[in-house]
Each structure stands twice: as structure tokens, then as C-alpha cells.
Amino acid sequence: DCRIRRFVVGMDGDRLVLRDGDHLHALQPDAGAPDQRYVAVEDPTIFVQVQGTTAEVAVRGARYAGCSLLR
């Protein structure tokens, strides 16, 4: 929950995905990042970076910081 936008990260079969409205982006771990950062397979500018109980999400050129992780 990013206050003005809501994203969903979860499993779709055997792959991790980011759901942005009607769009699904397959995610993979970012090997170059020391923490929990996942980038879209088709576009590395789309990512989810987890920091404790918050996350930063970037999609379509916009970044959303301080997103709450709802479980």
C-alpha cells in the first residue's frame, strides 16, 4: 500500500510477480543489490525493494517510497 497506489507482489504459478492494476510484471532477484530488491524481467526500471516492513516500488517512471507491506 503506497497511499495513493496499491500494488500486489505474489506468486503466479512458479514465478514472483508485481501486479500493477491489470499489468503483471515477472520479477527476479537483483544480483547486484545487497538487500531484497527484485526487478522486472522485461524492464529493470520496474522494481520492488523491501526494507523491513516498508518497500519502494518503481513503475512507469514513477517511484513510490515508504509503501506499507500488508500481509
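This report describes a disulfide, two buried polar or charged residues, the largest pocket and two residues with positive phi in a predicted model.

## The disulfide

One disulfide is found when the whole structure is searched. Its partners are Cys 2 and Cys 67, whose sulfur atoms lie 1.9 Å apart. The torsion about the S-S bond of Cys 2 and Cys 67 is about 105°, and the disulfide is therefore right-handed.

Cys 2 belongs to the segment before β1 (8-12), whereas Cys 67 belongs to strand β7 (residues 62-68), so the pair ties together parts that are 65 residues apart in sequence. Cys 2 and Cys 67 are both buried.

## Gln 49 in strand β5

Strand β5 (residues 47-51) contains Gln 49. The relative accessible area of Gln 49 is 13%, and because buried means under 20%, Gln 49 is classed as buried. The side chain of Gln 49 is joined to that of Arg 37 by a polar contact of 2.9 Å.

When neighbours within four places in sequence are left aside, the residues in contact with Gln 49 are Asp 35, Gln 36, Arg 37, Thr 54, Ala 55 and Glu 56. Arg 37 therefore appears both in this contact list and as the partner in the polar contact. A further distance concerns Ser 68, which is 19 residues from Gln 49 along the chain; the C-alpha atoms of the two are separated by 12 Å.

## Glu 56 in strand β6

Glu 56 is placed in strand β6, which spans residues 54-59. With a relative accessibility of 17%, Glu 56 also counts as buried. The side chains of Glu 56 and Arg 63 make a polar contact of 3.3 Å.

Neighbours within four places in sequence again being left aside, Glu 56 is in contact with Phe 47, Val 48, Gln 49, Arg 63, Tyr 64 and Ala 65. Phe 47, Val 48 and Gln 49 fall within the range of strand β5 (residues 47-51), while Arg 63, Tyr 64 and Ala 65 fall within that of strand β7 (residues 62-68). Glu 56 in β6 thus has contacts that include residues of both strands.

## The largest pocket

The largest pocket holds about 420 Å³ of space. Its lining consists of 20 residues, and those nearest the centre of the pocket are Phe 7, Val 9, Ser 68, Leu 69 and Leu 70.

Several strands contribute to this lining: β1, β2 (15-20), β4 (36-40), β5, β6 (54-59) and β7 each supply at least two residues. By residue class, the lining comprises 15 nonpolar, two polar and three charged residues.

## Positive phi at two arginines

Arg 3 is not a glycine, yet its phi is positive, at about 65°. Arg 3 is located in the segment before β1, the segment that also holds Cys 2 of the disulfide. Arg 3 is exposed, its relative accessible area being 64%, whereas Cys 2 is buried.

A positive phi is also found at Arg 60, where the value is near 50°. Arg 60 lies in the loop between β6 and β7. The relative accessible area of Arg 60 is 56%, and Arg 60 is accordingly exposed.

Methods. Residues numbered from 1 in each chain as written. Predicted model: local features only at pLDDT ≥ 70, side-chain atom pairs only at ≥ 80, totals over all residues. Heavy atoms only, no water. Disulfide = S-S within 2.5 Å. Helix = DSSP H or I, 4+ residues; strand = E, 2+ residues; numbered from the N terminus. Buried < 20%, exposed > 50% of the residue type's maximum accessible area, 1.4 Å probe, protein only. Contact = heavy atoms within 4.5 Å. Polar contact = N/O pair within 3.5 Å; in protein donor to acceptor, adjacent residues only side chain to side chain. 1 Å grid on protein atoms, 1.4 Å probe; cavity = no way out; pocket = protein on both sides within 12 Å on 5 of 7 lines; lining within 4 Å. Points joined across faces, edges and corners; volume = space filled by probe spheres on them. Nonpolar A, V, L, I, M, F, W, Y, C, P; charged D, E, K, R; others polar.
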